[in-house]
Amino acid sequence: MNPAATVSAGPGPERAPAAAPGDLLRRLRARHGDDPVTHVERVPARPGEPAPWPQWAPEELRAALARRGVVAPWRHQAQAAELAYGGRHVVVATGTASGKSLAYQLPALATLLADPRATVLYLAPTKALAADQLRAVAGLELDGVRPATYDGDTPRAEREWIRRHSRFVLTNPDMLHHGILPGHAHWSGFLRRLAYVVIDECHTYRGVFGSHVAHVLRRLRRQCAKYGRTPVFVLASATSGDPAAAAGRLTGLPVAAVTEDTSPRGGVTFALWEPPLLPSSDAPSPDADLLQVRRSALRETADLLADTVAEGVRTLAFVRSRKGAEVVASNARRALDEAVPGLGDRVAAYRAGYLREERRELERALLHGDLLGLASTNALELGVDLVGLDAVLICGWPGTRASLWQQAGRAGRSGDEALAVLVARDDPLDTYLVHHPEALFGRPVEATVLDPANPYVLAPQLACAAAEAPLTPADLELFGDGAKEAVEELVAAGALRQRPTGWYWRHRERPEVDLRGEGGAPVCVVEASTGRLLGTVDGGSSHFLIHPGAVYLHQGVSYVVDSLDLDDGCALVHAEEPDWSTHARDVTSLSVVSVRSYADAGPVGLFLGEVDVTSQVVSYQRRRIASGEVIDTRPLDLPARELRTVAVWFTLSPQSLAAAGVEAADIPGALHAAEHAAIGLLPLMATCDRWDIGGLSTAVHPDTEAPTVFVYDGHPGGAGFAERAYGTAAAWLRATRDAIAECGCEAGCPSCVQSPKCGNGNNPLSKPDAVRVLDVVLANLPAGDVPAGSGEGAPPAADLPAAPLLPRQDDRTSTDAEVTPGAS
Ligand SMILES: [Zn+2]
Ligand SMILES: [Zn+2]
């Protein structure tokens with residue numbers, strides 16, 4: 001629906017005709033001994049289902065859309081537009097390129113044309129998307145709409161004009177939070193006439209960021225209400241488990257969902273690809289007795305990329321980490337150069353940390369056919385819309401089905417069949433998915449989770465609201481659970497003053513609250529000898545990725561970090577290409593603060609509550625790139641980080657474990673293995689990834705006095721992941737159990753119970769006992785979802801010590817502070 005935003009990789013010079021995806025896949029498979037393909041899904045082409053224009057859509061708007069090539073809406077667009085025009089809040093949750101924008105443009109623009117005073121506020125998660133939408137709306141050339149973007153880049157001189165005259169303002173939640181709401185008096189004319197709030201790509205508002213945005217929207221609703229307005233919210237989402245509930249949580253309003261996609265699409269041949277297990281003698285083996293590993297997804301993807309580029313097939317490879325994208329590009333370049341010197345130049349890497357000019361140059365090169373292969377992080381997802389490729393390789397499960405389809409959707413020029421390949425990483429979730437295609441191609445189960453009740457989000461947001469206008473008791477209801485307590489704490493802390501008319505912000509300056517800031521400010525990576533800025537790393541990852549001694553890759557060039565100054569937010573590096581990679585290690589302890597909810601299931605207990613987690617990056621390993629062999633472990637001196645967060649945990653009685661055949665000595669390895677796999681599988685239930693979650697398992701935890709597995713949110717105050725895990729515990733642990741039991745390895749591998757970020761070096765681990773542990777849990781837990789309110793208050797044993805003891809870091813406790821985005 002948005003041709004202006006689409007850069008199509010059309011026919012370029014020296015371009016081979018696109019190969020039929022089936023033939024191409026056959027040739028790729030044939031190069032392997034054991035067939036690595038576990039499943040091929042033919043996603044058939046689908047004709048569209050057009051619907052008549054709604055009666056109320058004015059002729060002027062229909063004609064403008066027709067000029068843009070829209071002759072009629074698809075049925076789902078018309079359905080969502082009707083609901084919105086009728087005053088219902090609505091979320092349209094359909095696939096990539098299904099034309100979600102028309103679903104909100106229709107009612108919004110029809111209203112602007114019918115009522116010359118009405119206004120519309122459009123929110124996008126990124127400036128780039130807002131700019132695309134501006135082009136689309138401006139291109140309709142409708143009289144009197146005067147669309148304009150209003151963000152950090154808008155010149156001061158234009159802001160006043162936009163506030164007074166634009167009737168379709170495009171912005172982002174950060175600007176709404178920092179600019180529009182604090183300056184609401186300047187916006188009173190606009191808010192007083194606000195008819196629609198459009199929230200595009202609303203599934204990106206998840207976790208802590210999503211929880212902040214939920215309150216920014218409540219603040220917006222509060223200000224509108226003061227001016228007598230109750231705007232209609234229209235949301236656009238990728239497909240997800242329960243879009244109506246997620247949109248309801250985000251806006252705090254009842255939202256109807258339109259989920260049936262009736263737009264036409266081209267056919268895709270979608271292959272699920274599992275790299276082979278390496279013969280044990282080839283396996284890199286720091287812990288010789290345990291290891292059996294698969295060929296790495298990065299290498300496999302690099303080979304596939306080289307193969308497709310050699311055939312002249314324009315290919316985009318999506319790789320999760322920035323390091324990974326660099327590795328895929330450089331390996332593919334090397335392989336191509338060995339075959340035909342110079343051919344490697346037609347492959348490049350692309351990621352978000354690059355400077356703007358570098359990114360534009362890569363986009364241009366792919367567009368003009370100078371490049372045939374691009375390895376990218378998902379930086380492309382919300383940036384320029386690069387489509388029309390012949391093949392897409394997805395290296396590792398991208399985290400959500402929304403991302404998977406967004407990435408796969410880059411393949412296929414109109415009418416042509418395209419090839420998409422998901423290459424599984426050596427990881428429990430990836431392995432589960434390539435063997436359970438129904439979880440990918442069937443009905444979605446993962447839900448977009450956020451937790452507006454997070455006190456670390458709620459209190460600062462209430463402070464912002466109070467700074468905009470005093471809070472009243474009615475406002476507390478708007479802000480939901482926990483608002484009263486949070487306000488009382490703000491009063492006690494001296495931030496708010498209570499008066500008969502409400503709660504007042506006491507300070508002259510507004511509160512400083514960053515919606516995305518919990519990871520800390522980004523750290524600049526600077527080449528010491530030249531002062532050149534290479535890129536940035538977010539604060540939360542800096543301890544792991546750019547600690548002193550870390551190997552850091554940029555455009556295939558390797559650098560070594562000389563120093564990391566956390567106060568200045570700057571790391572100094574020098575170019576050096578050692579033959580090792582670096583892997584940070586951390587240590588973690590956990591104590592239970594309170595129990596929010598529990599299910600008492602005989603010998604098994606399931607809990608949701610607050611915990612305190614302390615973790616510190618203490619060392620890093622250097623490993624040979626070629627063999628994976630550990631060279632040494634070097635200490636680091638970085639500060640510990642404290643985290644009060646939400647955890648889900650289960651306990652089992654030692655008797656039940658004995659009855660299931662788990663020997664006392666094997667309990668630590670059984671729990672540890674179950675914990676790893678449970679962390680790996682949680683993203684099946686909620687839109688998080690394993691780097692958002694940490695875990696700890698122990699044969700006796702001082703706070704539970706029983707064998708216990710904890711899984712916690714890696715964000716202060718929790719992000720909703722543990723809560724979702726608690727609510728869907730039976731389904732989550734069933735998938736965990738099956739993933740372990742069905743893995744073809746003997747003693748455990750990264751596809752089932754090993755973890756890439758284990759704080760204990762993947763030791764001890766017992767694969768068969770992990771299955772026994774989970775069988776005991778599943779035999780006792782109620783099969784359905786656990787209602788969040790069950791058994792609130794004190795836990796059954798009620799024996800939480802007043803002063804929690806630190807868990808011992810001994811062989812009975814295994815910690816996995818897997819809370820950093822790392823290299824894959
Ligand atoms: Zn395995
Ligand atoms: Zn571990």
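Me: A polar contact is a pair of N or O atoms within 3.5 Å, one able to donate a hydrogen and the other to accept it. Which atoms form such a pair at the start of H5?
Reply: In this predicted model, a side-chain oxygen of Thr126 comes to within 3.1 Å of the backbone nitrogen of Leu129 at the start of H5. The limit is 3.5 Å, and the pair therefore qualifies as a polar contact.

Me: How do you know that the length of helix H5 agrees with its number of residues?
Reply: Helix H5 runs over residues 127-138, which is 12 residues. The expected span is 1.5 Å times one less than the number of residues, which gives 16 Å for H5, and the end C-alpha atoms are 16 Å apart, so the two values agree.

Me: What makes the buried residues of H5 line one face of the helix?
Reply: Leu129, Ala130, Asp132, Gln133, Ala136 and Val137 are the buried residues of H5. Viewed down the axis, they fall within an arc of 155°, and therefore they line one face of H5. An α-helix has 3.6 residues a turn, so residues three or four places apart point the same way. The buried residues of H5 pack against helix H4 (100-114), strand E4 (119-123), strand E5 (147-149) and strand E6 (168-171).

Me: Why are the buried residues of H1 placed on the same side of the helix?
Reply: Helix H1 covers residues 21-30, and its buried residues are Pro21, Leu24, Leu25 and Leu28. The arc that they cover around the axis is only 100°, so they lie on the same side of H1. Arg26 and Ala30, on the other side of H1, are exposed. The cover over the buried residues of H1 includes strand E2 (37-43), strand E10 (268-273), helix H11 (297-310) and strand E16 (418-423).

Me: Why is the site of the zinc ion (ligand 1) called tetrahedral?
Reply: Four donors count as tetrahedral if all angles lie between 85 and 135 degrees. The angles among the 4 donor atoms are 99 to 118°, and the site of the zinc ion (ligand 1) is therefore tetrahedral.

Me: How do you know which atoms are donors of the zinc ion (ligand 1)?
Reply: A donor is an N, O or S atom within 2.8 Å of this metal. The SG atoms of Cys743, Cys745, Cys749 and Cys752 coordinate the zinc ion (ligand 1) at 2.2 to 2.4 Å, so these sulfur atoms meet the criterion. Along the chain, the donors follow the spacing C-x1-C-x3-C-x2-C.

Me: Why do Cys745 and Cys749 count as buried or exposed?
Reply: Buried means under 20% relative accessible area. Cys745 has 6% relative accessibility and therefore counts as buried. Cys749, at 1%, counts as buried as well.

Me: What makes Thr708 buried or exposed?
Reply: Thr708, in strand E29 (residues 708-713), has a relative accessible area of 0%, so this residue is buried. The side chain of Thr708 reaches the backbone oxygen of Ala706 at 2.7 Å. Among the residues that Thr708 touches beyond four places in sequence are Trp649, Phe650, Leu671 and His701.

Me: Why is Thr582 called buried or exposed?
Reply: The relative accessible area of Thr582 is 7%, and this residue is therefore buried. Thr582 belongs to strand E24 (residues 580-601). Its side chain reaches the backbone nitrogen of Val551 at 3.0 Å, and its contacts beyond four places in sequence include Lys323, His547 and Tyr620.

Me: How do you know whether Val648 is buried or exposed?
Reply: Val648, in strand E27 (residues 641-652), has a relative accessible area of 2%, so this residue is buried. Leaving aside neighbours within four places in sequence, Val648 is in contact with residues including Leu606, Phe710, Ala722 and Trp732.

Me: What makes the phi of Glu141 notable?
Reply: Phi of Glu141 is near 50°, a positive value in a residue other than glycine. Most residues other than glycine have a negative phi. Glu141 lies in the loop between H5 and E5, and its relative accessibility of 62% is over 50%, so Glu141 counts as exposed. Glu705 also has a positive phi, near 55°. Glu705 lies in the loop between strand E28 (693-698) and E29 and, at 54% relative accessibility, counts as exposed.

Me: Why is the peptide bond from Asn763 to Pro764 called cis or trans?
Reply: Omega of the bond from Asn763 to Pro764 is near 0°, and the bond is cis. Most peptide bonds are trans. Pro764 lies in the loop between helix H24 (729-742) and helix H25 (767-780).

Technical notes:
Residues numbered from 1 in each chain as written. Chains lettered and ligands numbered in written order. Predicted model: local features only at pLDDT ≥ 70, side-chain atom pairs only at ≥ 80, totals over all residues. Heavy atoms only, no water. Donors = N, O, S within 2.8 Å, 3.2 Å for Na, K, Ca; no water. Tetrahedral: all angles 85-135°; square planar, octahedral: opposite > 155°, others 65-115°. Buried < 20%, exposed > 50% of the residue type's maximum accessible area, 1.4 Å probe, protein only. Helix = DSSP H or I, 4+ residues; strand = E, 2+ residues; numbered from the N terminus. Arc of directions from axis to C-beta. Contact = heavy atoms within 4.5 Å.
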